[in-house]
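Reader: I am new to reading protein structures. Please take me through this one with short questions and answers.

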Amino acid sequence: MSSEAVVGKISIESNKKFKFLVNVSMLGKGSKENIIPILVKIGDNSIPLNKVVELNTKKIHGTFSITFAIDWGELETEEFQAEISFTFFPF
């Protein structure tokens, strides 16, 4: 079953078009096996994890959320930590 977690608002802008990669790593025992990040969304833009995304614009903004596949039957707690990382590349 998938669940979406809203992180907050985000705005990324540059004076040039840009490419970036986003990754979500699970932290802590048990969460790595039972909680799997699937994708992130910024506004209406769905962004696959660990894949370089090219934007045709100089700005992306909106609500930042992460969709997870969660095995609720095996999950020991409803709270977990995730680390979000961005890598930016020249266009």
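Author: Start with one definition: two strands pair if DSSP finds at least two bridges between them. Strand E2 (residues 19–27) and E5 pair in the antiparallel sense over two bridges. In that pairing, Lys19 stands opposite Glu54 in E5. Keep in mind that this is a predicted model.

Reader: How confident is the prediction, and where is confidence lowest in the chain?
Author: The mean pLDDT of the chain is 88, and 98% of its residues reach 70 or more. Confidence is highest in E6, at 94. Where pLDDT is low, the predicted coordinates should not be read in detail. The lowest mean, 75, belongs to helix H1 (residues 31–34).

Reader: Which strands are the edge strands of the open sheet?
Author: This open sheet has three strands, with antiparallel pairing. Their order is E5-E2-E7. An edge strand pairs on one side only. That describes strand E5 (53–54) and strand E7 (81–89).

Reader: Over how many bridges does E1 pair with E6?
Author: E1 and E6 run in the antiparallel sense. One position shows the match: the bridge partner of Lys9 in E6 is Thr63. The count of bridges between E1 and E6 is eleven.

Reader: Which residue in E6 stands opposite Ile35?
Author: Look at strand E3 (residues 35–42), which pairs with E6 in the antiparallel sense over seven bridges. Ile35 faces a partner in E6. That partner is Ile70.

Reader: Which side chains meet in a salt bridge?
Author: Side chains of opposite charge can pair when their charged atoms come close. The count here comes to one salt bridge. Its N to O distance is 3.8 Å, and the cut-off is 4 Å, so the pair qualifies. The two side chains are those of Lys59 and Glu13.

Reader: How many residues apart are Lys59 and Glu13?
Author: The salt bridge joins Lys59 and Glu13. Lys59 is in strand E6, and Glu13 is in strand E1 (residues 2–13). The pair links distant parts of the chain, with a separation of 46 residues.

Reader: Is Glu13 buried or exposed?
Author: Take Lys59 beforehand: at 38% relative accessibility, it counts as partly exposed. Glu13 has a relative accessible area of 57%. The cut-off for exposed is over 50%, so Glu13 is exposed.

Reader: What is the angle between the planes of Phe20 and Phe88?
Author: The count of aromatic pairs comes to seven. Phe20 and Phe88 form a tilted one, 6.0 Å centre to centre. Phe20 is in strand E2 and Phe88 in strand E7, 68 residues apart. The angle between the planes is 35°.

Reader: Which is buried, Phe20 or Phe88?
Author: Buried means under 20% relative accessible area. Phe88 has 44%, so it is partly exposed. Phe20 has 1% relative accessibility, so the buried one is Phe20.

Reader: What is the angle between the planes of Phe64 and Phe86?
Author: This aromatic pair is tilted too, at 6.0 Å centre to centre. The pair links distant parts of the chain: Phe64 in strand E6 and Phe86 in strand E7, 22 residues apart. Phe64 is buried at 4%, whereas Phe86 is partly exposed at 28%. The angle between the planes is 45°.

Reader: Which residues do ring pairs link into a cluster?
Author: Phe20 pairs with Phe88. Phe64 pairs with Phe86. Ring pairs link these into a cluster with one further ring, Phe18, so the members are Phe18, Phe20, Phe64, Phe86 and Phe88.

Reader: From which strand does the largest share of the largest nonpolar core come?
Author: This core has 19 residues, and Val40, Ile47, Ile60 and Phe68 touch the most other members. E2, E3 and E6 each supply at least two residues. The largest share is five residues, and it comes from E6.

Reader: Which residues does Ala69 touch, beyond those up to four places away in sequence?
Author: Ala69 is found in strand E6 (residues 59–70). At 27% relative accessibility, Ala69 counts as partly exposed. Ala69 and Ser3 are 66 residues apart in sequence, yet 6.5 Å apart in space, C-alpha to C-alpha. The residues that Ala69 touches are Met1, Ser2, Asn34, Ile35, Ile36 and Ile38.

Technical notes
Residues numbered from 1 in each chain as written. Predicted model: local features only at pLDDT ≥ 70, side-chain atom pairs only at ≥ 80, totals over all residues. Heavy atoms only, no water. Helix = DSSP H or I, 4+ residues; strand = E, 2+ residues; numbered from the N terminus. Buried < 20%, exposed > 50% of the residue type's maximum accessible area, 1.4 Å probe, protein only. Contact = heavy atoms within 4.5 Å. Phe/Tyr/Trp six-rings, centres within 6.5 Å; stacked < 30°, edge-to-face > 60°. pLDDT = per-residue confidence, 0-100. Core = buried A, V, L, I, M, F, W, Y, C linked by side-chain atoms within 4.5 Å.
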